[in-house]
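User: Please take a close look at one part of this model, the nonpolar core. Which residues make up the largest one, and what surrounds them?

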Amino acid sequence: MQVQVRGRRSAGWWITFGVIAFGTLFFVIGAIVGGVSISFVTGAERAEGTVVSLEWQGGSVSSSSKSRQSSGPTAHPVVEFTPSGGAPTTFRSSMGSNPPAYEEGERVEVLYRADDPEDAKINGFVSLWLIPLIFCGIGLLIAGIGTAIAIATRRRSRLARGGSGVAVPAVG
């Protein structure tokens, strides 16, 4: 009987450790992507750009056991700007949305690398910080849940063994 209980504790410990490690991995990925964004922003040149068109990228249909759900197409802004001392350059934003976040003709601030003006991004919260925040947030949530489970399990285990770890003097 004692071997079986130890086996359960061991398996539970590994599952809890796996959840914490998975959450930590997500957080680290988010931190790395955030660091890349910080590096890009600090070394980027700035220019005024114009959204010249919206490029719609198709939708997908996902099936689930309850119903079929369709996610509509997303609009990716195509922006034209002129880097300092260069020819007009056009790029397509990797971030798309539905409804579109930008309209044709809208003026936007563009961040670009001086040595590679085609490596450009719209200076906006979504395009620079959304992915790092999602990964860091999910990572913290998952690791926090795993840590809370580990702490609760450890406390429950101590109480089941008959003590809180505080020595009580014997009355004699």
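Analyst: What follows goes from the whole chain to the core, and then to the aromatic rings.

This is a predicted model. The protein chain has two helices and seven strands. Read from the N terminus, the order is α-β-β-β-β-β-β-β-α. Of the 172 residues in the chain, 20% are buried. The accessible surface comes to about 11900 Å², and carbon and sulfur atoms account for 60% of that. Take the contacts between residues at least 6 apart in sequence: 63% of them join residues at least 24 apart.

Now the core. The largest nonpolar core has 10 residues. Its members are Ala 47, Val 51, Val 79, Phe 81, Phe 91, Val 108, Val 110, Tyr 112, Ala 120 and Ile 122. Four strands each supply at least two of these residues: β1 (45-57), β4 (74-81), β6 (107-113) and β7 (116-122). The largest share, three residues, comes from β6. There is a general background to such a set: in soluble globular proteins, nonpolar side chains tend to be buried together.

Phe 91 is a good residue to follow. Neighbours within four places in sequence are set aside here. Phe 91 then contacts several fellow core members, including Val 79, Phe 81, Val 110, Ala 120 and Ile 122. The contacts of Phe 91 also include Pro 77, Val 78, Glu 118 and Lys 121.

Lys 121 has a second role in the picture. Its charged end sits over the ring of Phe 40, 5.3 Å from the ring centre.

Next, the aromatic rings. The count comes to seven aromatic pairs. One of them joins Phe 22 and Phe 26, with 5.0 Å centre to centre and 50° between the planes. That pair is tilted. Both residues belong to helix α1 (residues 2-43); because they are four residues apart there, about one helical turn separates them. Phe 22 is partly exposed, at a relative accessible area of 43%.

Phe 81 and Tyr 112 bring us back to the core. Their ring centres are 5.2 Å apart and their planes meet at 40°, so this pair is tilted. The pair links distant parts of the chain. Phe 81 lies in strand β4 and Tyr 112 in strand β6, 31 residues apart. Both residues are buried.

Elsewhere, Trp 13, Trp 14 and Phe 17 form one aromatic cluster.

How values were computed
Residues are numbered from 1 along each chain as its sequence is written. This is a predicted model: local features need pLDDT of at least 70, side-chain atom pairs count only at pLDDT 80 or more; totals for chains, interfaces and linings use all residues. Side-chain values use heavy atoms; hydrogens and water are left out. Buried means under 20% relative accessible area, exposed over 50%, partly exposed in between (1.4 Å probe, protein chains only). Contact means heavy atoms within 4.5 Å. Accessible areas come from the Shrake-Rupley method with a 1.4 Å probe; for residues, only the protein chains shown count as cover. A nonpolar core is a set of buried Ala, Val, Leu, Ile, Met, Phe, Trp, Tyr and Cys residues joined through side-chain atoms within 4.5 Å. Rings of Phe, Tyr and Trp (its six-membered ring) pair if their centres lie within 6.5 Å; planes under 30 degrees apart count as stacked, over 60 as edge-to-face and the rest as tilted. A charge sits over a ring if NZ of Lys or CZ of Arg is within 6 Å of the ring centre and within 35 degrees of the ring normal.
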